[in-house]
Every structure is written in structure tokens, then in C-alpha cells.
Amino acid sequence: MDFFYQYRKLLIGILLLCVGWWRFSPYSPRVVMPAYLNAGVDCSQFPPMAMGDEPLQTEVPTGMQPFVLPKVKLTPLAGFSMPARVLHRASYLYDEHASISTTDWFVGWGFMANEKVVKRLKFEQRARFGGIAGTKDGGSMPYSYDDMYLNASNVHLIPANKKIATQISGIKVGDNVRVDG
């Protein structure tokens, strides 16, 4: 008991540092909302697709205007609808683009959404780029890198409103999703 009494200030300080680190780390369960979501963004929806379909790219809807957010103007070049499996995810709080997009997913479709294929692979995301880091057991790759990257992509998520931002925060690695934008 003497130990705790003697070092109580140090122990309280360490506890406060740990709570502070956890609160501001990507491991915290809080939902980070970019500031622009207070007003929302008008983002037209594209036709839904069934899981298992290939990604669909469409022309920009007639009359769609650029999205003007704080410090950036985004001009849509194409629409897309992509059914996929989340292979890896990364959260960003303090980098240059965190005020627009706080989450990136590395996703796969086709054979890259197959549990038997992805359970053998290691994925990573660094500096907002996603990739295949190799196999978990150090063995040979199940497909060529070219084929795997034709069925996978890194996605920078820019939610249209707070409801979608909350949904994004609940998606975990291994979940099947459909991203429209």
C-alpha cells in the first residue's frame, strides 16, 4: 500500500497520458466527422448493384456541379458503384487531407472478395495508398500481382452526410460493402 501512496501522482499522470493517447489515437471508438458535414453534400445516387457484380463506372449526371468544401473544390469526373469486401482500413486524423476524408479502405471484388483468397494475404495502407504486402505464411501468391490489383483498389471515403460518416465508422475489415459516388 505504501508503494501506491508514494507514487500516486506518477501513477495518475501515467493513467492520464494513456487515456489521452487512446482518446486521440486511431484505436479510439469515436466517430470523427469532417467539418463540411455540418451542411451536407448533394451527391446523386447511382443504380444499386448486387454483390458479386463488377464495379460500374458511369458518366457524371447532367447538371451535377462541383462540390465546394473548405479549402478544396472537387469536380466529379465519373460516377461509380462498387460492390466489394473491405480488405484493410486506415483512419486519419491529423494528415493534410483529414479535413476532407478521415477513412481509407483497401477493397477487393471478384476473386479478391473471396474469403479463401484473402485469408492468405497481408494488406497494408501507408500514406493513403493501399496494397498487398505478401502472404501471411510467406508462401507463393495465389494470383499474380497484376490480376490482384485489377480486382482491388484503395478508396478515399468522403461521406456525403453525418449518417453515412457514422455508417463508415462501423464498417470493419472483412465486411461486404457497396460504395456509390
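Is R126 buried or exposed? Select R126 and check: R126 is exposed, with a relative accessible area of 60%. Keep in mind as you click around that this is a predicted model.

**Stop 1: along β6**

Stay with R126 and add E124 to the selection. Their side chains meet in a salt bridge, 3.3 Å from N to O. E124 has a relative accessibility of 30%, so this residue counts as partly exposed.

Now widen the selection to the whole of β6, residues 121–126. Color the strand by face: K122, E124 and R126 make up the uncovered side, while L121, F123 and Q125 sit on the covered one. So the R126–E124 salt bridge joins two residues of the uncovered face.

**Stop 2: across to β7**

Next, bring in β7, residues 129–135. The two strands, β6 and β7, pair in the antiparallel sense, over six bridges. To get your bearings, pick K122 and look across: G134 in β7 stands opposite.

**Stop 3: the turn of the hairpin**

Follow β6 to where the chain turns back. The hairpin of β6 and β7 has two residues between the strands. Zoom in on A127, which belongs to the loop between β6 and β7. Its backbone deserves a dihedral label: phi of A127 is near 50°, a positive value in a residue other than glycine. For context, most residues other than glycine have a negative phi.

Step along to R128, also in the loop between β6 and β7. Here phi is near 70°, again positive in a residue other than glycine. Turn on the surface and look at the loop once more. A127 is exposed, with a relative accessible area of 66%, whereas R128 is buried, at 8%.

**Stop 4: from R128 to D104**

Which residue does R128 form a salt bridge with? Show side chains and select D104: the closest N and O atoms of R128 and D104 are 3.1 Å apart. This pair links distant parts of the chain, with R128 in the loop between β6 and β7 and D104 in strand β5 (residues 103–108), 24 residues apart. Both R128 and D104 are buried.

**Stop 5: one more salt bridge**

How many salt bridges does the structure hold? There are three, and the one still to visit is between R85 and E115. Select that pair and draw a distance: the closest N and O atoms are 2.3 Å apart. R85 lies in strand β4 (residues 79–91) and E115 in helix α3 (residues 115–118), so the pair ties together parts that are 30 residues apart in sequence.

Compare the two ends with the surface switched on. R85 is buried, with a relative accessible area of 12%, but E115 is partly exposed, at 40%.

**Stop 6: N151 and its neighbors**

For the last stop, jump to N151, in the loop between α4 (145–149) and β8 (152–157). Is N151 buried or exposed? With a relative accessible area of 12%, N151 is buried; the cut-off for buried is under 20%.

What does N151 touch, leaving out residues up to four places away in sequence? Select E54 to begin with, then add V107, G108, W109, G110, F111 and M112. Two of these names, V107 and G108, fall within β5 (residues 103–108), the strand that holds D104 from Stop 4.

Methods:
Residues are numbered from 1 along each chain as its sequence is written. This is a predicted model: local features need pLDDT of at least 70, side-chain atom pairs count only at pLDDT 80 or more; totals for chains, interfaces and linings use all residues. Side-chain values use heavy atoms; hydrogens and water are left out. Helices (H or I, at least four residues) and strands (E, at least two) are DSSP runs, numbered from the N terminus. Buried means under 20% relative accessible area, exposed over 50%, partly exposed in between (1.4 Å probe, protein chains only). Two strands pair if DSSP finds at least two bridges between them. Contact means heavy atoms within 4.5 Å. A salt bridge is a side-chain nitrogen of Lys or Arg within 4 Å of a carboxyl oxygen of Asp or Glu.
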